[in-house]
Amino acid sequence: MSPAAPEPVELIKQRRDRALAVLVEGVPYIRFLGVSFDRRGDELTAVLTYDPKLIGNPLIQALHGGVTASFLEVTAIMELSFNMLWDDVESGRVAADSLSPGSLPRLPKTIDFTVDYLRSGLPRDAYARARVNRQGRRYASVHVEAWQDNRQRLIAQATGHFLMPSRDG
Amino acid sequence: MTDNTAEIARQFIEAIPFSGALQMQLEEIGAGVAVISMPWAEALVGDPKTGVIHGGAVSALMDTCGGAAVMCHPQALAGTATLDLRIDYMRAATPGQRITARAECYHVTRSVAFVRAEAWDEDRSLPVAAATGAFTVERLPGSGTA
């Protein structure tokens, strides 16, 4: 018997992008901030598109500390949620076509979140990536980094703990 | 703090674009303590299944309130920026209810201001979140030797 033909790459991409889009569309605050996600395989980069409403100090045109904190927290939660959904979609437990914001699993809940402000945020786009350092059945620890022009010069980093939703129902 | 400086503080906070976008309102300010509130809004929801506001929006309220507490400290500070802020989320804020944060700048050194803050919804018996933070201190020229 010949091995099954590999699945067409476009179908795989469509399924993964669809899962990500449904997650992002479901959260009003992500839209309010103007955050989108760039996906390469299972790696997500969050993009904060600059808007004048994101300013916290009009004198020096710096991003609001709350914008930076929100951007990092949104990125951490999306990383955890997309990892969960990725497993379900890739294993076939959940059909990507039938995904809708109403049918998604519950989101992780933030227990605590600590932001370390390293540089003031300039009035331009920012990027962030999260790394899950530890994930158990109930708790997860996530580190997030944000930068603007230069990946080596972070504007902020954060560590947070999250309560994972029960996978039973 | 005199009424005049309180008024300046109010105008200053209400001129911050992101605080305006979240409809933050200065309730009280003076002597290193600030109280700022923010209404629930559909655009701030982080969990569509429950309608609970995103933690990031609560962070923004805590950060603004902490900064305001530093700026109204009696040691005449000219400006401040957040160095770090840790938030503990104790419970979900009830959808539809206003969130109010109270921050206190409890110690200031030559270079650092230390702040703690709590936030409640309309149920005042248990905070929805608590925060501790460190802020930079930028002094007015010639404002003492500390």
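1. Is Asp88(A) buried or exposed in this predicted model? Asp88(A) is buried, with a relative accessible area of 8%, and its side chain meets that of Arg93(A) in a salt bridge in which N and O lie 2.8 Å apart. The partner residue has another setting, for Arg93(A) counts as exposed at 60% relative accessibility, so this pair links a buried acidic residue with a basic residue that is exposed.

2. On the fold of chain A, the model has three helices and eight strands, and the order along the sequence is α-α-β-β-β-β-α-β-β-β-β. The C-alpha trace of chain A spans about 70 × 35 × 30 Å along its principal axes, and of the 169 residues in the chain, 49% are buried. If one takes the contacts in chain A between residues at least 6 apart in sequence, 63% of them join residues that are at least 24 apart.

3. On salt bridges within chain A, the rule gives a count of twelve over all chains, and one that deserves a look is the bridge between Glu90(A) and Arg15(A), whose closest N and O atoms are 3.1 Å apart. Glu90(A) belongs to helix H3 (residues 65-90) of chain A and Arg15(A) to helix H1 (residues 9-25) of chain A, so the pair ties together parts that are 75 residues apart in sequence. Glu90(A) is partly exposed, with a relative accessible area of 29%, whereas Arg15(A), at 18% relative accessibility, counts as buried because the limit for that class is under 20%.

4. The salt bridge that I would inspect at the interface is the one between Asp112(A) and Arg86(B), in which the closest N and O atoms are 3.4 Å apart. Asp112(A) lies in strand S5 of chain A and Arg86(B) in strand S6 of chain B, so the pair joins two chains. Asp112(A) counts as buried at 8% relative accessibility, while Arg86(B), at 34%, counts as partly exposed. As for the pair discussed in the preceding point, Glu90(A) and Arg15(A) also belong, together with Glu7(A) and Arg16(A), to one network of salt bridges that share partners.

5. On the extent of the interface, chain B and chain A bury about 2,600 Å² between them, and 60% of this area is on carbon and sulfur atoms. In chain B, the residues that lose the most area to chain A are Phe18(B), Lys49(B) and His54(B), which together account for 24% of what that side buries. The contact takes 35 residues from chain A and 32 residues from chain B.

6. On the polar side of the same interface, 14 residue pairs are in polar contact between chain B and chain A, with both residues at pLDDT 80 or more, and the rule finds two salt bridges across it. The elements of chain B that give two or more residues to the side touching chain A are helix H2 (17-21), strand S3 (45-47), helix H3 (55-71) and strand S6 (82-89). S6(B) gives the most to that side, with eight residues. By class, the side of chain B that touches chain A has 16 nonpolar, nine polar and seven charged residues.

7. On the strand pairing between the chains, S6(B) and strand S5 (residues 109-117) of chain A pair in the antiparallel sense over five bridges. Within S6(B), Arg86(B) is the bridge partner of Thr114(A), and Arg86(B) is also the residue that forms the salt bridge with Asp112(A). A reader following Arg86(B) will therefore meet it both in the strand pairing with Thr114(A) and in the salt bridge that joins two chains.

8. The last point concerns His54(B), which is found in the loop between strand S4 (52-53) and H3 of chain B. His54(B) is buried, with a relative accessible area of 5%. Leaving aside residues up to four places away in sequence, His54(B) touches Tyr29(A), Glu73(A), Val74(A) and Ile77(A) from chain A, and Leu44(B), Val45(B) and Gly46(B) from chain B. His54(B) is also one of the residues of chain B that lose the most area to chain A.

Note on methods. Residues numbered from 1 in each chain as written. Chains lettered and ligands numbered in written order. Heavy atoms only, no water. Contact = heavy atoms within 4.5 Å. Buried area = accessible area lost by both parts, 1.4 Å probe. Salt bridge = Lys/Arg side-chain N within 4 Å of Asp/Glu carboxyl O. Polar contact = N/O pair within 3.5 Å; in protein donor to acceptor, adjacent residues only side chain to side chain. Helix = DSSP H or I, 4+ residues; strand = E, 2+ residues; numbered from the N terminus. Nonpolar A, V, L, I, M, F, W, Y, C, P; charged D, E, K, R; others polar. Pairing = 2+ DSSP bridges. Buried < 20%, exposed > 50% of the residue type's maximum accessible area, 1.4 Å probe, protein only.
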